[in-house]
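The following exercises concern a predicted model. Each task is followed by a solution in steps.

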Amino acid sequence: MEVANGKNNNNNMISVDIGMEVHKVEAPPPISSLRKLKTRLKETFFPDDPLRQFKGQSVKKKWILGAQYAFPILKWGPEYSLQSFKSDIVAGLTIASLAIPQGISYAKLANLPPIVGLYSSFVPPLIYAVLGSSRDLAVGPVSIASLVMGSMLRQQVNPVTDQVLFLQLAFTSTFFAGLFQASLGFLRLGFIIDFLSKATLIGFMAGAAIIVSLQQLKGLLGITHFTKKMGLVPVVSSVFHETDEWSWQTILMGFCFLVFLLVTRHISIKKPKLFWISAGAPLLSVILSTLFVFAFKAQNHGVSVIGKLEKGLNPLSWNMLQFHGSHLGLAMKTGLITGILSLTEGIAVGRTFAALKNYQVDGNKEMIAIGLMNVVGSSTSCYVTTGAFSRSAVNHNAGAKSAVSNIVMSVTVMVTLLFLMPLFRCTPNVVLGAIIVTAVIGLIDIPAAYQIWKIDKYDFLVMLCAFLGVILISVQEGLAIAVGISILKVLLQITRPKIVMFGNIPGSDIFRNIHQYKEAVKIPGFLILSIEAPINFANITYLNDRISRWIEDCEAEDETQKHCGLRFVILDLSAVSAIDTSGVSFFKDLRRVLDKKSLELVLVNPIGEVMEKLQRSDDTSDLMRPDSLFLTVGEAVTMLMSSMKHHV
């Protein structure tokens, strides 16, 4: 078909070359309601079809595959080689050198005893090595979850005066975090965490990084009395109101080690092959600072130290879990938020490195692995853990081949817990603060923020709200604001679906958006619209108002330019993926309104579900007449223009 604009002396005419076959719009084959429900549930909860590997297998093979699915270590374990083990030993020792100082530092960030951070780097990696599907994920405490847990629990419980209760709530929160994470995996509800968009996470992590860094001013300046609030204003105010507590010895030591750590980080960023420099820098800083304090008795000159740490492996803590009392709600809320954050970070990190090595990470299995890891951890004196980006990056760069690197790291931490704990007694807190600042500064991703600004201004607003909410109000409120704005964006997209007007590309039978394709021209007598969203109760009022306004605009334009009057309203439904009963009523009401205006409603290419529902509701066979239902816009225009000529 060829549609073109032609002119004669009287008015604009349309020349049409009818040389195409008009195809019938086929109705979908009849399917029972039970089968439809089964298909819908399968696509919602099992899009990856995890049972496909069992098809056509013997009973014995199914048992083997089932065991390998539940415990991925059984899949790659038999194929494990000595060469891989050598690589994993190097990677495991490398991340252990990072995990030990980070574990102690992050525990202090969560207002927990430093030893708990090391406990959390011993048991969880062993659980993950058996259940996890990522080869590169290095498990342990992370800064964001530590900060959120510490700040949320501290709002109601003082970690200094009520240390035992605070520790109990931390373990209980970890239990609920793990229970929530594992439940998402078992019930295959992982799409819930998708409400944390990339823009939300970038803004949240940048704000949290600044708050975490400002909180370390207590240790970097040697301040004793420091605010317990997390906002920017109270933290800065506390710093300058306590200038008499500043310790020049602490400031000098903190500045030197902070510069050293930042320089080593910069070197590793510029030259990735030198990753081991930044990986070993935290442990080297701990060793050097500890030796300095021990040699010069710096703890007697204003430099605060960790103090005595108990030797031994994780004591059981299941008896410390609190499932009753006035703080149960706080523990559940803290567990829910830290669980979502740690799960999002762990899966994102796992998928990132899996893409680099061209293998698949099963999101639901990761949820189960991380969840069970935290449930077990809550009973063995651990707090919330997940796959840390910094450790995983070091693990990847160190040449890790499998989750055995986590086992090597865990064994190294075990040796530390059993024999080396007294060596950390003189470790200064200022070095732990410098380690935390260096670790979290990488969470401020300015290039990503600039990219979001270029692509989507609304997403940038979401990111900015998350950032400002965290640094000006609090961590959890900032996250809640950003999530709320993200959900508002989704609701706006649902309630205000996109509708575009189509025009014809001259010399073809192609119809496209006239605002995108400047050469596309309107066809007099036709209003051709494309609805590009599902039609449901939330948007039918908007659709009705918008289409009515377009009809009025077309009629006014026809009168002004003396075109042929509007005769047909064509709705392209190719992009309408679903419709509900309100949507069906919308088409019926639209048909009646157009009939009163002597206009004809024409539908183009409704997909199976939409067509089936429209047919079921079309008792009078008026809505789905063959002469008002076409496969393409081109065929519709051709046939309708032909019928117009025959009626002239």
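**Exercise 1.** Determine how many salt bridges the structure holds, and explain what the one between Lys489 and Asp459 ties together.

*Solution.* The structure holds eight salt bridges. In one of them, the side chains of Lys489 and Asp459 meet at 2.9 Å, N to O, inside the 4 Å cut-off for such a pair. Lys489 belongs to helix 21 (residues 475-495) and Asp459 to helix 20 (residues 457-472), so the salt bridge ties together parts that are 30 residues apart in sequence.

**Exercise 2.** State the strand order of the open sheet of six strands, and explain why strand 6 and strand 10 each have one side without a neighbour.

*Solution.* The order is 6-5-7-8-9-10, and the pairing is mixed. Strand 6 (511-513) and strand 10 (629-630) are at the edges with a single partner strand each, so one side of each has no neighbour in the sheet. Next, strand 7 (residues 526-531) pairs with strand 8 (residues 568-572) in the parallel sense, over five bridges. Within this pairing, Leu527 has Val569 of strand 8 as its bridge partner. Finally, helix 23 (residues 581-596) packs on the sheet and touches strand 8 and strand 9 (600-604). The direction of helix 23 makes about 145° with that of strand 9.

**Exercise 3.** Describe the second largest pocket by its volume and its lining.

*Solution.* The space in this pocket is about 1000 Å³. Its lining comprises 33 residues, with Lys108, Asn111, Val160, Lys218 and Asn429 nearest the centre. By class, the lining residues are 14 nonpolar, 15 polar and four charged. Helix 4 (82-109), helix 7 (143-154), helix 10 (217-221) and helix 18 (429-440) each contribute at least two residues to the lining.

Technical notes: Residues are numbered from 1 along each chain as its sequence is written. This is a predicted model: local features need pLDDT of at least 70, side-chain atom pairs count only at pLDDT 80 or more; totals for chains, interfaces and linings use all residues. Side-chain values use heavy atoms; hydrogens and water are left out. Two strands pair if DSSP finds at least two bridges between them. Helices (H or I, at least four residues) and strands (E, at least two) are DSSP runs, numbered from the N terminus. Contact means heavy atoms within 4.5 Å. Axes are lines fitted to C-alpha atoms, for helices over the stretch in contact, and angles run from 0 to 180 degrees between N-to-C directions. On a 1 Å grid over the protein atoms alone, a cavity is a set of points where a 1.4 Å probe fits but cannot get out, and a pocket is an open set with protein on both sides within 12 Å along at least five of seven lines; lining residues have an atom within 4 Å of a point. Grid points are joined across faces, edges and corners, and a volume is the space filled by probe spheres set on the points. Ala, Val, Leu, Ile, Met, Phe, Trp, Tyr, Cys and Pro count as nonpolar, Asp, Glu, Lys and Arg as charged, and the others, Gly among them, as polar.
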